[in-house]
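Me: I am new to this structure and would be grateful for a close look at a single part of it, namely the aromatic rings and how they are arranged in pairs. Please set out the answer as one connected account.

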Amino acid sequence: MFSKKARYILFGGKGGVGKTTCAAATALYYAEKGKKTLIISTDPAHSLSDSFEQKFSHLPVPVAEYKNLFAAEIDPKIAMEEYKEELNSSS
């Protein structure tokens, strides 16, 4: 779905400093420039859905009204199960 020449921009910091807001604005900027953009939240208290007024899940989905923009909110329980399955299948 996405180019193998991916560029990663990570936002980190203490709670309440605007990580989600900055990430959402950056994702919109690149999507509007025609770049296929995926924004992912790993925060257990997801607020990405609030930012875009759209419910997101563990898997990337298109963000309504924004061409080239996709979003996902990683579910830690699902991610852990997928990781366990991957470990079991590789041994």
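Reply: The model discussed here is a predicted one. It holds 3 aromatic pairs. A pair of aromatic rings is described by the distance of the centres and the angle of the planes, and both values are given below for two of the pairs.

One of the pairs is made by Tyr29 and Tyr30. The centres of the two rings are 5.1 Å apart and the planes meet at 85°. Because an angle over 60 degrees counts as edge-to-face, the pair of Tyr29 and Tyr30 belongs to that class. As for exposure, Tyr29 has a relative accessible area of 45% and is therefore partly exposed. Tyr30, with a relative accessible area of 24%, is likewise partly exposed, since the buried class requires a value under 20%.

Another pair joins Phe52 and Tyr66. Here the ring centres lie 6.2 Å apart, which falls within the 6.5 Å limit for a pair. The planes of Phe52 and Tyr66 stand at 75°, so this pair is edge-to-face too. The pair links distant parts of the chain, as its two members are 14 residues apart. Phe52 belongs to helix H2, which covers residues 48-52, whereas Tyr66 sits in the loop that runs between strand S2 (61-62) and strand S3 (69-73).

The two partners fall into separate exposure classes. Phe52 has a relative accessible area of 13%, so the residue is buried. Tyr66 reaches 31% and is therefore partly exposed. Nor do Phe52 and Tyr66 stand alone, for together with Phe56 they form one aromatic cluster.

For context, one may also consider the largest pocket of the model. Its volume is about 1,100 Å³. Of the 32 residues that line this pocket, the closest to its centre are Arg7, Ile9, Leu38, Ile39 and Ile40. Helix H1 (19-32) and strand S1 (37-41) each supply at least two residues of the lining, and H1 gives the most, with 7 residues. By class, the lining comprises 15 nonpolar, 11 polar and 6 charged residues.

Strand S1 also contains Thr37. This residue has a relative accessible area of 11% and is therefore buried. A polar atom of the Thr37 side chain lies 2.9 Å from the backbone oxygen of Lys35.

Terms used
Residues numbered from 1 in each chain as written. Predicted model: local features only at pLDDT ≥ 70, side-chain atom pairs only at ≥ 80, totals over all residues. Heavy atoms only, no water. 1 Å grid on protein atoms, 1.4 Å probe; cavity = no way out; pocket = protein on both sides within 12 Å on 5 of 7 lines; lining within 4 Å. Points joined across faces, edges and corners; volume = space filled by probe spheres on them. Helix = DSSP H or I, 4+ residues; strand = E, 2+ residues; numbered from the N terminus. Nonpolar A, V, L, I, M, F, W, Y, C, P; charged D, E, K, R; others polar. Phe/Tyr/Trp six-rings, centres within 6.5 Å; stacked < 30°, edge-to-face > 60°. Buried < 20%, exposed > 50% of the residue type's maximum accessible area, 1.4 Å probe, protein only. Polar contact = N/O pair within 3.5 Å; in protein donor to acceptor, adjacent residues only side chain to side chain.
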